Amino acid sequence: MEERPREPQSHYDDEISLVDLAATFLKRRRVFYAVLFSVLLAGIIYAVLMPEKYDYVSLIKLAEKEPGSYIEKPATVIATLENRWLPEYQSTHYADHDEQIPFEILFENPENTGLIRMVSEASPSQSEGVKQSHALLIDKLSEAQSAAVSNLRENLERQIESLSSTIKMLEGATDAGAAIAAAFEKRLSLEATLNSMQPMEVLTVSRESAERKGPVRSLIVLLAGLLGLMGGVFLAFFTEFASLVKAQLTET
């Protein structure tokens, strides 16, 4: 008689079924609910108590020598602000108040412009401090720009005066027509530059942004809910696992 082939075994002792997982979860559902609601409540409290922050922006237009040409390059101005005037102000503030400035001050130059943006992210309660800080740095910049404009103006006026004297001297000379014409052209160019100079202009000081900065409160609550959901599931099964290990150790 031929021996029939054995059928493959379809059941494994170590196999975990979905029913077992569901039963374990239901058994430890109180752990799941406790973790879920605790994390969700913490997220809601944080979202409600989270301080509101806004961007406070000051905008300055640098002094112009000619339209589109600035007496000092924006990159040079920003480097001076970041490495000289801001550190000096921070040191003075720390000496007077025994604490650091509670907000940052960042400097930007929009591309292809002579504008300098001062930006600070702060809460409304800090708005007055931001305004004072920006105003102090703007005063430093204004003094430097005024001095640069004054120096350039004096230099141009001296050159124009020198050219005028040269023209008077050449008027009595023979064969000086070309030299006089060149001197006239140079003087007209310098006078045009002198007349087109524009001083630094403060466009706005510490203007508050329309939209609040930072994460939206609803997003914080949503993330807290997802974190509580995952943490609750994990701790529910971990609690059951720890209980089984403890029971087995007690038996042995």
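How many salt bridges does the structure hold? This predicted model holds five salt bridges. The largest nonpolar core has 22 residues, and helix 3 gives six of them, the largest share. A nonpolar patch on the surface has about 730 Å² of accessible area in total.

**Nonpolar cores**

- Within the 22-residue core, the residues that touch the most other members are Leu-81, Phe-107, Met-118, Leu-137 and Leu-141.
- Two or more residues of this core come from each of strand 1 (54–61), helix 3, strand 5 (115–122) and helix 4 (127–171).
- Leaving aside residues up to four places away in sequence, Leu-141 touches Ile-60, Leu-62, Val-77, Trp-85 and Met-200.
- A second core, separate from this one, has 13 residues, among them Ile-167, Leu-190, Leu-194 and Met-197.
- In soluble globular proteins, nonpolar side chains tend to be buried together.

**Helix 3 and its surroundings**

- Helix 3 covers residues 74–97 and bends by about 40° at Leu-81.
- Its buried residues are Pro-74, Val-77, Ile-78, Leu-81, Trp-85, Leu-86, Tyr-89 and His-93.
- Strand 4, strand 5 and helix 4 are among the elements that cover these buried residues of helix 3.
- Tyr-89 and Leu-136 are 47 residues apart in sequence, while their C-alpha atoms are 8.3 Å apart in space.
- Leu-136 belongs to helix 4 and is partly exposed, because its relative accessible area is 33%.

**Salt bridges**

- Side chains of opposite charge can pair when their charged atoms come close.
- Arg-84 and Glu-88 form a salt bridge with an N to O distance of 3.8 Å; both are in helix 3, four residues apart, or about one turn of the helix.
- Both partners of that bridge are partly exposed, Arg-84 with a relative accessible area of 47% and Glu-88 with 39% relative accessibility.
- Glu-108 and Arg-117 are joined by a salt bridge at 2.4 Å, N to O.
- Glu-108 is partly exposed at 35% relative accessibility, and Arg-117 is partly exposed with a relative accessible area of 25%.
- In the salt bridge between Arg-187 and Glu-191, the closest N and O atoms are 3.9 Å apart.
- Arg-187 and Glu-191 are about one helical turn apart, because four residues separate them in helix 5 (residues 177–196).
- Glu-191 is partly exposed at 27% relative accessibility, whereas Arg-187 counts as buried because its relative accessible area is 19%, under the 20% cut-off.
- Lys-27, Arg-28 and Glu-240 make up one network, joined by salt bridges that share partners.

**Surface patch**

- The nonpolar surface patch consists of Leu-219, Leu-222, Leu-223, Leu-226, Leu-227, Leu-229, Met-230 and Val-233.
- Leu-229, one of these residues, lies in helix 6 (residues 217–251) and is partly exposed, with 39% relative accessibility.

**Backbone angles**

- Most residues other than glycine have a negative phi.
- Asp-98 is not a glycine, yet has a positive phi of about 60°; Asp-98 comes just after helix 3, in the loop that leads to strand 4 (106–108).
- Asp-98 counts as exposed because its relative accessibility is 59%.
- Ser-206, also not a glycine, has a positive phi of about 50°.
- Ser-206 lies in strand 6 (residues 201–208) and is buried, at 12% relative accessibility.

Conventions:
Residues are numbered from 1 along each chain as its sequence is written. This is a predicted model: local features need pLDDT of at least 70, side-chain atom pairs count only at pLDDT 80 or more; totals for chains, interfaces and linings use all residues. Side-chain values use heavy atoms; hydrogens and water are left out. Patches are made of residues with over 30% relative accessible area and no salt bridge: like charges are joined within 9 Å, nonpolar side chains (Val, Leu, Ile, Met, Phe, Trp, Tyr) within 5 Å. Accessible areas come from the Shrake-Rupley method with a 1.4 Å probe; for residues, only the protein chains shown count as cover. A salt bridge is a side-chain nitrogen of Lys or Arg within 4 Å of a carboxyl oxygen of Asp or Glu. Buried means under 20% relative accessible area, exposed over 50%, partly exposed in between (1.4 Å probe, protein chains only). A nonpolar core is a set of buried Ala, Val, Leu, Ile, Met, Phe, Trp, Tyr and Cys residues joined through side-chain atoms within 4.5 Å. Contact means heavy atoms within 4.5 Å. The bend at a residue is the angle between axes fitted to the seven residues ending there and the seven starting there.
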